[in-house]
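Work through these short exercises with the model in view. Try each task before you read its solution.

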Amino acid sequence: MKAKEIIETLDAVVYYGSDLDYNVDCGCGCDLMSDVLAFNHDNNVLLTGAVNPQAIRTCEVVDTKVVVFVRSKKPAEEVIELAESAGIILLGTHFSMFEACGRLYEAGLRGESIEYDF
């Protein structure tokens, strides 16, 4: 799925985006950046309500190139500038995280299962 298809699917606002043809293979939805660090998949999109510089810094560490802020959360100019300097496509949607993830799943995007030893 291309970033521009994510925009269409989520009726998203583009805060920053230089390559909307960027291909996304996998999705992750969470607010805890420690969980994002545990999610290791190339070409992924992060859906989050954490609208802060730490979210962008975490995406830099795990090489996530697309971020969608959910629940109509608008990033501060500092966050947009940080995403731009990192080359991260920054989007926003009015949908809840649950709804946004469901819409992307319905459109064909999948997540990655993590197996734990209990």
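**Exercise 1. Rings**

How many aromatic pairs does the structure hold? Then find a charge that sits over a ring.

Solution. Start with the count: this predicted model holds zero aromatic pairs. Next, turn to Tyr 105. The charged end of Arg 110 sits over the ring of Tyr 105. The distance to the ring centre is 3.7 Å.

**Exercise 2. Confidence**

Find the elements with the lowest and the highest mean pLDDT.

Solution. Begin with the whole protein. Its mean pLDDT is 92, and 94% of its residues reach 70 or more. Now go element by element. Helix H2 (residues 33-38) has the lowest mean, 82. Strand E5 (residues 89-92) has the highest, 98.

**Exercise 3. The cores**

Describe the largest nonpolar core, and name the element that gives the largest share of it.

Solution. Step one is size: this core has 22 residues. Step two is its best-connected members. Leu 46, Ile 56, Ile 88 and Leu 90 have the most contacts inside it. Step three is the source. Strand E2 (26-29), H2, H3, E4 and helix H4 (77-86) each give two or more residues. H4 gives the largest share, five residues.

Step four: look for another core. A second, separate one has 19 residues, including Val 24, Val 45, Val 66 and Leu 91.

Step five: take Leu 90 and leave aside its neighbours within four places in sequence. Its contacts include Val 13, Tyr 16, Ile 56, Phe 69, Val 79 and Ala 83.

**Exercise 4. The sides of H4**

Do the buried residues of H4 lie on the same side or on opposite sides?

Solution. First list them: Val 79, Ile 80, Leu 82, Ala 83 and Ala 86 are buried. They cover an arc of only 160° around the axis, so they lie on the same side of H4. A general rule helps here: an α-helix has 3.6 residues a turn, so residues three or four places apart point the same way.

Next, ask what the buried residues touch. They pack against strand E1 (13-16), H3, E4 and E5. Then check the face turned away from the buried side. That face carries the exposed residues Glu 78 and Ser 85. Finally, look past the helix. Gly 87 follows H4, and its phi is positive, near 70°.

**Exercise 5. A loop residue**

Is Thr 64 buried or exposed?

Solution. Locate Thr 64 first: it lies in the loop between helix H3 (53-62) and strand E4 (66-69). Its relative accessible area is 2%, so Thr 64 is buried. Now leave aside neighbours within four places in sequence. Thr 64 is in contact with Asn 44, Leu 46, Cys 59 and Ile 88.

Key:
Residues are numbered from 1 along each chain as its sequence is written. This is a predicted model: local features need pLDDT of at least 70, side-chain atom pairs count only at pLDDT 80 or more; totals for chains, interfaces and linings use all residues. Side-chain values use heavy atoms; hydrogens and water are left out. Helices (H or I, at least four residues) and strands (E, at least two) are DSSP runs, numbered from the N terminus. Buried means under 20% relative accessible area, exposed over 50%, partly exposed in between (1.4 Å probe, protein chains only). Contact means heavy atoms within 4.5 Å. pLDDT is the predictor's confidence in each residue, from 0 to 100. A nonpolar core is a set of buried Ala, Val, Leu, Ile, Met, Phe, Trp, Tyr and Cys residues joined through side-chain atoms within 4.5 Å. The arc is that of the directions from the helix axis to the C-beta atoms. Rings of Phe, Tyr and Trp (its six-membered ring) pair if their centres lie within 6.5 Å; planes under 30 degrees apart count as stacked, over 60 as edge-to-face and the rest as tilted. A charge sits over a ring if NZ of Lys or CZ of Arg is within 6 Å of the ring centre and within 35 degrees of the ring normal.
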